[in-house]
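Got a new model on the screen and wondering where the labels people attach to it come from? Let's go through a few of them together.

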Amino acid sequence: AGDLVQQDSALTALAPAFASTKYTANQAINPVVNNVDLELSGGLVWCKRTDNAGNHYLIDNIRGLDKRLSTNTTNNEKTDPALTFNSNGFTLPAGEPNFNYEGNYISWSCRKAPKFFDVQTWSGNSTAGRTVSHNLNSVPGMMIVKSISGAGQWNIYHKNLGIAGLIQFTATSSETGTQWNNTLPTSTEFTLGA
């Protein structure tokens, strides 16, 4: 059994961790094959319609496959019919009204993998200096933080902006702020402001 676990881990490490895939919505059960194993490790799917100005939708298995956020709004999390994460991509449910209704879409899939991608959730406590653990096993180059229970900006850290640098999906200029408590992330955690 130990050898099988090691073999599975080795195969997962070699499998693709990211894919960009086009699909056409059909209002029926709609498998999207991209060879990213989201079933074993989990991760995130980001969908956007390409033939109109519709919303972007982010779905991950940590919050639940029936939960979505839209990067082009400051809205809180919404609930829709759940996706299914598969060993070779994901399946859109029949009757999903936002990203399987009609038209052409593109999806970006990120598998949770060390030194590449992770998703974390926590409950805010308005305490500056609070740390949040992550599973990257490397220093994050970019972090995106959004409240899921209330409306609010998307706060984005990027290593090239520095610790006081900040960009937001719904803002038109770069900002500075104390969202990261003037503390660089480490290979195990990042720090939040109040």
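Q: This is a predicted model. What makes Leu 92 a residue in contact with Tyr 23?
A: Contact means heavy atoms within 4.5 Å. Leu 92 touches Tyr 23, and also Ala 28, Ile 29, Asn 30, Val 32, Leu 83, Phe 99 and Asn 100, leaving aside residues up to four places away in sequence.

Q: Why is the set around Tyr 23, Val 45, Leu 83, Phe 90, Leu 92 and Phe 99 called a nonpolar core?
A: The name goes to buried residues of kinds such as Val, Leu, Phe and Tyr, joined through side-chain atoms within 4.5 Å, and buried means under 20% relative accessible area. The largest such core here has 16 residues, and those six have the most contacts inside it. Strand 1 (18–24), strand 3 (43–49), strand 4 and strand 8 (89–92) each supply at least two of its residues.

Q: What makes the group with Val 132, Met 143, Val 145 and Trp 180 a second core?
A: Those four belong to a core of nine residues that is separate from the other one. As a general habit, nonpolar side chains in soluble globular proteins tend to be buried together.

Q: How do you know that strand 4 and strand 5 pair?
A: Pairing takes at least two bridges. Strand 4 (residues 56–60) and strand 5 (residues 64–69) have two bridges, in the antiparallel sense, so they pass. Leu 58 has Leu 69 as its bridge partner, while Asp 60 stands opposite Gly 64. A hairpin of three residues links the two strands.

Q: What about strand 5 and strand 6?
A: Strand 5 and strand 6 (residues 78–79) also pair in the antiparallel sense over two bridges, with Arg 68 opposite Lys 78.

Q: Why are strand 1 and strand 6 said to stand at the edges?
A: The open sheet has six strands in the order 1-9-3-4-5-6, with antiparallel pairing. Strand 1 and strand 6 each have a single partner strand, so one side of each has no neighbour in the sheet.

Q: How many helices and strands does the protein chain have, and what makes it count as compact?
A: There are two helices and 15 strands. The radius of gyration is 18 Å, close to the 16 Å that the globule rule gives for 194 residues, so the chain is as compact as a globular protein of that length.

Q: How much of the protein chain is called buried?
A: Buried residues make up 40% of the 194, with under 20% relative accessible area as the cut-off.

Note on methods
Residues are numbered from 1 along each chain as its sequence is written. This is a predicted model: local features need pLDDT of at least 70, side-chain atom pairs count only at pLDDT 80 or more; totals for chains, interfaces and linings use all residues. Side-chain values use heavy atoms; hydrogens and water are left out. Helices (H or I, at least four residues) and strands (E, at least two) are DSSP runs, numbered from the N terminus. Buried means under 20% relative accessible area, exposed over 50%, partly exposed in between (1.4 Å probe, protein chains only). The radius of gyration is taken over C-alpha atoms; the globule rule is 2.2 Å times the number of residues to the power 0.38.
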